[in-house]
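Me: Hey, I'm new to this one. Can you walk me through it?
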Amino acid sequence: MTTHHILKQFFGYETFRPLQENIIDAVIEGKDSLVLMPTGGGKSLCYQVPALYFEGLTIVISPLIALMKDQVEALRGNGVKASFINSSLSQSEQDAVLWAAKLGELKLLYVAPEKLFAGNMLEFLKGIKLSLIAVDESHCISSWGHDFRPEYRQLSVLKDTFPEVPVIALTATADKVTRKDICRQLGIPEENTFISGFDRPNISLEVLPGRNRLKQIMDFLKTVPEQSGIIYCLSRNGTESLTASLIQNGYKADFYHAGLDSQRRSKVQEAFIKDDLQIIVATIAFGMGIDKSNVRWIIHYNLPGNVESFYQEIGRAGRDGTKARTALFYTYADIMTRKSMIEKSNLDDDQKELMNAKLDRMQQYAEANICRRRILLSYFNEEVGQDCGNCDVCLHPRERFDATILAQKALSGVARTGEKVAMGMLIDILRGSRNQNLLRLGYDKLTTFGIGKDLKYEEWADYLSQILNYGALDIAYDEGHVFKLNEVSWQLLKGKRKIELSHYITFEERKKAEEVFADPKKTKKEFIKNELFDKLKLLRKQIADSLGIPPYIVFNDATLLEMAHERPITKARLLNVSGVGEEKFRRYGDTFITEILSFVKGNSDQGVKLAKGLTYIETLDLYNEGLSVEEIAERRKLSRNTVYQHLIKLFEEGQGVDLWKFIDKKTYRKVVEAMETFEAEGTFSARAVYEHFREGISYEEIRIAMALSKKAKEEQADSY
Ligand code: ADP
Ligand code: ZN
């Protein structure tokens with residue numbers, strides 16, 4: 001079998017993604033290689049396809065137990081013989097797996113690194129035919145990476161132990177130093193490094209002001225109804241209180257953080273994977289070990305500490321390649337919190353400096369006035385040809401204006417109070433509000449009282465955060481968050497410097513932006529598609545529950561969307577849908593076709609052509625009821641000719657039509673002989689055969705004989 005056959009038959013995909021094919025070719029040639037691809041880029045196929053191509057066993061080293069189970073489940077769902085060995089299995093279960101490997105009953109074996117070096121595992125592996133060693137999350141091998149794992153260190157002996165077996169190392173995050181280190185330790189020539197683009201264009205990017213976060217989250221959630229998502233928070237308490245609010249608002253949510261015992265954690269994770277739980281509110285501890293392909297959105301409630309983590313976390317959305325939405329809440333206060341966390345940590349000074357530098361880059365992202373994707377990708381040293389068109393800056397470029405006078409008003413407000421007020425009070429002073437506290441402190445006597453009446457509270461809040469972000473004002477977090485002036489403030493106040501800010505966007509305007517992400521353009525077609533998509537999702541969930549597996553293992557969202565769009569009602573058409581391979585078809589094909597068919601029939605009055613080939617299926621139904629060609633023609637008000645055409649087509653698609661009912665053996669042989677003669681002369685056509693028999697054999701019979709003989713030839717070819 002070629003690698004393309006493997007791709008289609010087992011995974012149901014038509015084409016490899018860019019680079020996948022090159023990598024697979026290199027592996028098959030026996031080269032050792034390092035693969036860098038973003039999360040969701042399709043790394044797994046890079047070793048799974050060769051594993052199926054090679055004779056013998058591929059071992060996959062992976063540090064994440066939950067992920068192993070998931071991958072093995074997905075592979076089995078595709079009809080691939082796979083298993084895993086890790087500490088979640090009992091000794092006798094492990095023995096059974098090894099026994100199967102020994103007997104050659106496995107193509108892929110996932111192994112936790114500590115298991116690889118325990119007991120006499122290595123000796124055991126020497127005794128069986130290994131075809132490939134894949135090292136997943138290979139950045140864990142390097143202390144330069146951001147997730148060094150000591151148990152990975154030992155992997156460097158692999159090349160000595162199995163010098164003949166090709167190695168493929170994979171990772172989604174590794175800077176240059178880390179890459180070098182991986183290659184050195186695993187004996188991979190550096191020139192065999194494959195780096196794929198880091199862009200994930202299906203993920204939208206958005207930064208929201210960090211005020212009224214709960215309200216904004218509620219608005220956001222309306223744009224992603226019933227879709228799975230993750231909200232990342234900085235603190236454990238934060239996850240718990242936000243979860244409580246979400247539940248109060250009727251959402252199926254739960255929290256997840258490192259303080260929970262492992263039983264509770266796997267319960268939450270399991271519920272999320274099975275679509276029983278819509279929302280997970282988590283600290284960064286969540287997500288490493290899950291492969292759920294239908295996470296449709298991510299919110300960062302707090303600013304992450306660096307771009308790597310941020311990109312990895314939003315990368316958990318939209319792995320199936322279909323649309324996903326992400327949003328980051330940002331205020332300057334988050335930067336200050338992060339900075340003080342770094343300061344208080346017991347890192348050495350160099351590391352603190354590094355962390356601060358990384359935080360700066362995150363801040364630049366959050367405050368960007370240019371395409372945000374450009375900023376992200378440039379962080380990973382990737383050149384970008386054009387603006388992405390799928391971030392809030394691209395979709396709603398904010399106009400900028402000279403805000404020097406506005407800033408002077410605010411800053412002199414701070415100066416007049418003797419640098420003793422925080423945001424709320426300053427705005428009240430500027431807007432001339434007569435609140436008790438303000439009057440008691442006598443701030444209504446200041447010359448700055450009421451000089452900013454023209455702006456609403458929200459506007460001032462927005463501009464003040466921009467001024468802070470610009471660095472023209474400081475906050476003393478240790479003095480009740482009061483504003484302090486700095487050098488830049490004084491330059492502005494003295495008129496020695498100008499400042500530009502972005503125009504405030506009203507709530508309504510932002511809502512409009514949200515609608516762009518939510519894509520409400522609902523044509524009739526779109527509406528029907530969504531309706532069928534919902535039905536198929538429900539069916540998927542039922543099947544998954546009855547089998548005890550996650551829904552996306554049955555089919556992922558991308559596959560269901562394509563089904564909802566194409567509405568295939570024949571085997572051939574369903575097999576054409578990306579993600580439907582032979583095994584998946586065998587397991588679920590009929591069930592899904594039945595569902596689509598009943599939907600199509602139930603909506604035939606919508607005035608939209610709902611299914612290609614529906615007319616064939618209607619003929620097939622009558623044929624299966626035992627009606628003759630004449631009766632079908634009569635019932636369907638079609639010509640006999642057309643009915644024959646349908647039956648031939650159905651026969652070719654393998655729909656169980658018996659064409660021998662319509663032709664006798666003798667006629668068949670006559671036609672085939674004539675065909676062969678004409679073919680040898682190079683003058684074959686149905687018409688030529690028809691005329692040859694002086695119209696003694698009908699056109700239908702000739703076509704039927706042609707179809708039968710073609711099938712016979714194909715079957716003969718297959719059996720070789
Ligand atoms: P990674 O391990 O790099 O995060 P995966 O291997 O899990 O990514 O692949 C992400 C998703 O993309 C999976 O749902 C996978 O089935 C799908 N995928 C991978 N390769 C292809 C392909 N050639 N065509 C279509 N879908 C693919
Ligand atoms: Zn953009």
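Me: What does Ser44 do around ligand 1, in terms of distance?
Reply: A polar side-chain atom of Ser44 sits 2.6 Å from an oxygen atom of ligand 1. That fits the definition of a polar contact, a pair of N or O atoms within 3.5 Å; within protein, one must be able to donate a hydrogen and the other to accept it, and residues adjacent in sequence count only if both atoms are side-chain atoms. The protein covers 84% of the 570 Å² of accessible area that ligand 1 has on its own (areas come from the Shrake-Rupley method with a 1.4 Å probe, and for residues only the protein chains shown count as cover).

Me: Before I go on, what kind of model is this?
Reply: It's a predicted model, where local features need pLDDT of at least 70 and side-chain atom pairs count only at pLDDT 80 or more, while totals for chains, interfaces and linings use all residues. Residues are numbered from 1 along each chain as its sequence is written, chains are lettered from A and ligands numbered from 1 in the order in which they are written, and side-chain values use heavy atoms, with hydrogens and water left out.

Me: Ok, back to ligand 1. Which residues come nearest?
Reply: Tyr13, Thr15, Gly40, Lys43 and Ser44, out of 16 residues around ligand 1 (a residue is near if one of its heavy atoms lies within 4 Å). A backbone N or O atom of Gly40 is 2.5 Å from a ligand 1 oxygen, and a side-chain N or O atom of Lys43 is 2.8 Å from an oxygen of ligand 1.

Me: And the zinc, which residues are its protein donors?
Reply: Cys371, Cys388, Cys391 and Cys394, each through SG, at 2.3 to 2.4 Å from the zinc ion (ligand 2). Donors here are N, O and S atoms within 2.8 Å of the metal (3.2 Å for Na, K and Ca), and water is not among the atoms, so sites may look incomplete. The spacing along the chain is C-x16-C-x2-C-x2-C. Cys371, in the loop between helix 16 (349-366) and helix 17 (372-379), and Cys391, in the loop between helix 17 and helix 18 (392-395), are 20 residues apart and link distant parts of the chain.

Me: Why is that zinc arrangement called tetrahedral?
Reply: Because the four donor atoms around the zinc ion subtend angles of 102 to 120°. Four donors count as tetrahedral if all angles lie between 85 and 135 degrees.

Me: Are Cys371 and Cys391 buried or exposed?
Reply: Both Cys371 and Cys391 are buried. Buried means under 20% relative accessible area, exposed over 50%, and partly exposed in between (1.4 Å probe, protein chains only).

Me: Different topic: how many helices and strands are there in the chain?
Reply: The chain has 35 helices and 18 strands. Those are DSSP runs numbered from the N terminus: helices are H or I with at least four residues, strands are E with at least two. Of the chain's 720 residues, 52% count as buried.

Me: Why is helix 3 described as largely enclosed?
Reply: Because eight of the ten residues of helix 3 (residues 44-53) are buried. Among them are Leu45, Tyr47 and Val49.

Me: What about Asn486, where is it?
Reply: Asn486 is in the loop between strand 17 (482-484) and helix 23 (487-493). Its side chain makes a polar contact with the Asp474 side chain at 3.2 Å, and also reaches the backbone nitrogen of Val488 at 3.0 Å.

Conventions: Four donors count as tetrahedral if all angles lie between 85 and 135 degrees; four count as square planar and six as octahedral if opposite donors are over 155 degrees apart and all others between 65 and 115; anything else is irregular.
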